[in-house]
Amino acid sequence: MADSDGEFVADNLSDDDLMDHTVEDEDDDDDHHHTSAGGGRPSRSGGKSASGRPKRGGGKKDARKKNSAQAWEQSKRTWEMDLPEEGEDGTLDLTTLEAEKRRRLMRDTTPLQRGIIRHLVLVLDMSFAMTEKDMLPTRYRLTLSYAAAFVREFFEQNPISQLGVVGMRDGVAVRVSDLGGNPAEHLERLKELEGQDPQGNPSLQNALEMCRGALFHAPSHGTREVLVIYGALLSSDPGDIHDTISSLIADRIRVTIVGLSAHLSICAELCSRTNAGDGSQYNVAMDEVHFRELFLAATTPPVTRTQEQSTASLLMMGFPSRVLAPGGTVSYCACHNRPCREGFLCTRCGSRVCRLPAECPSCALTLILSTHLARSYHHLFPLRNWVEVSWADAARSAACFACHCPFPDPPSSRSKANGGEKGGGGAANSEEDRPKAKGVSESSRYACEVCGNHFCIDCDVYAHEIIHNCPGCQSNVQQPPGAAHTNGHDLSNGHTNGAMVIDA
């Protein structure tokens, strides 16, 4: 056969010989072309000899492979960008990194009515578009990795919710896992998808219709949501997708889409109409980090917008205790029909389930623990953002209240006096002229407005993203005289959480 440049290549060449027969770049012609001793004709080193037969020597081939850079070596990764710059004294300027941490925390903490009992279906694009390598290693592999992280984070933030997974490939919708509250089952199904290759066209309409069927029996006190990871620029639908959108609105199902390619008009219309005109539920990922942020942002419960969804209703739940099988015997659980030595007995019918939260398979009673409700509480009353501390108020703290990490010393009073006498010059004035990042404290201190303690940036991130409580407020057991044990909403356990006070 003949390759792209018209040269003859034997059919029985080995893999090493085929590597020798690669065509060099034009920029490397001066380095690799030389004049042969026989006829003075230029030939390629390690490629062709004067007779046109491929060379089998490996020395020049190894040298060429060593000098040439691979495509993955030349690409810029996200962790290689926006690195801290090194100052003249050799220290790193961490202002950019600190500003990035604060950017993730500076969000609206106004207490809003949210649905903490969620029923969400995750739709993954498994079509040919997911084979693209603009997000390494591929869109498909990266999506599966982020999907596993999303499942863990979803049940960590929403322990009394349920999740299901659906895939789109070959023009149809594929049910990956049923709607349930066991994260281990979803992770096991996602693990099985790693051995499959994406193929075919996606069908957004078929996936939405399957989600409608999965959420049809969801109770009215819970939310109905669909999260779509969409990487294609087309949708192979059997009918009119606008009819499906109207059915989603009638069933009160909200759709959120994270795009991986370009902005699509039908996706924007779908998210806007199913979210009461809110167009912010459709976003396109710019890189891997942005994709992960958009993916994990769906772990926060949505805000209740319509009057029908905000109607209060009572829900019966059971709080069982863990019991052991009598005499060290083994009994079967009613949820999976598997042998187990311990479990939880339903408070209504006495059936045994192996783990919580769960729904009793006999009487359909929701079985949870009190800690599950406590972990969902922070969505309704989030921890207030901590404020920056200026140098004027930084003298009263020398270390972080939580981790006891030492704070930088405040500038000396003499340097400030010298700067003032010289008409604004000196070291003090140079710090004032230095540009400051938004949200970053000049003293590296952040104060809770409730307890007044100072914390470092790492404890600020840990308190707002992990524990959702202020360490200073939790350790303040003695309340000031006349202080109410509420958060401004006439609800208990609010003073220690530092929740926002809303005017009546």
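Select F154 first: in this predicted model, F154 has a relative accessibility of 0% and therefore counts as buried, since buried means under 20% relative accessible area. Keep F154 in view and add F155, whose ring centre lies 5.4 Å from that of F154, with the two planes at 90°, so this pair is edge-to-face. F155 is buried as well, with a relative accessible area of 7%.

Next, select F150, which also counts as buried because its relative accessibility is 0%. F150 and F154 are about one helical turn apart, because they are 4 residues apart in helix α6. A pair of aromatic rings is described by the distance of the centres and the angle of the planes. For F150 and F154 these are 5.8 Å and 35°, and the pair is tilted. The structure holds 7 aromatic pairs.

Now widen the selection to Y146, F150, F154, F155, F291 and F295, and you will have one aromatic cluster on the screen.

Then show the whole of helix α6, residues 139–157, which has 19 residues and reaches 26 Å from its first C-alpha to its last, close to the 27 Å expected at 1.5 Å a residue. With 14 of its 19 residues buried, α6 is mostly covered.

For the last stop, move to helix α15, residues 457–467, and select I466 within this helix. Is I466 buried or exposed? Its relative accessibility is 52%, so I466 counts as exposed. Add Y462 and I467 to the selection, and you will see that they form a nonpolar patch on the surface with I466, the three together having about 290 Å² of accessible area.

Definitions and conventions
Residues are numbered from 1 along each chain as its sequence is written. This is a predicted model: local features need pLDDT of at least 70, side-chain atom pairs count only at pLDDT 80 or more; totals for chains, interfaces and linings use all residues. Side-chain values use heavy atoms; hydrogens and water are left out. Patches are made of residues with over 30% relative accessible area and no salt bridge: like charges are joined within 9 Å, nonpolar side chains (Val, Leu, Ile, Met, Phe, Trp, Tyr) within 5 Å. Accessible areas come from the Shrake-Rupley method with a 1.4 Å probe; for residues, only the protein chains shown count as cover. A salt bridge is a side-chain nitrogen of Lys or Arg within 4 Å of a carboxyl oxygen of Asp or Glu. Helices (H or I, at least four residues) and strands (E, at least two) are DSSP runs, numbered from the N terminus. Buried means under 20% relative accessible area, exposed over 50%, partly exposed in between (1.4 Å probe, protein chains only). The expected span of a helix is 1.5 Å times one less than its number of residues. Rings of Phe, Tyr and Trp (its six-membered ring) pair if their centres lie within 6.5 Å; planes under 30 degrees apart count as stacked, over 60 as edge-to-face and the rest as tilted.
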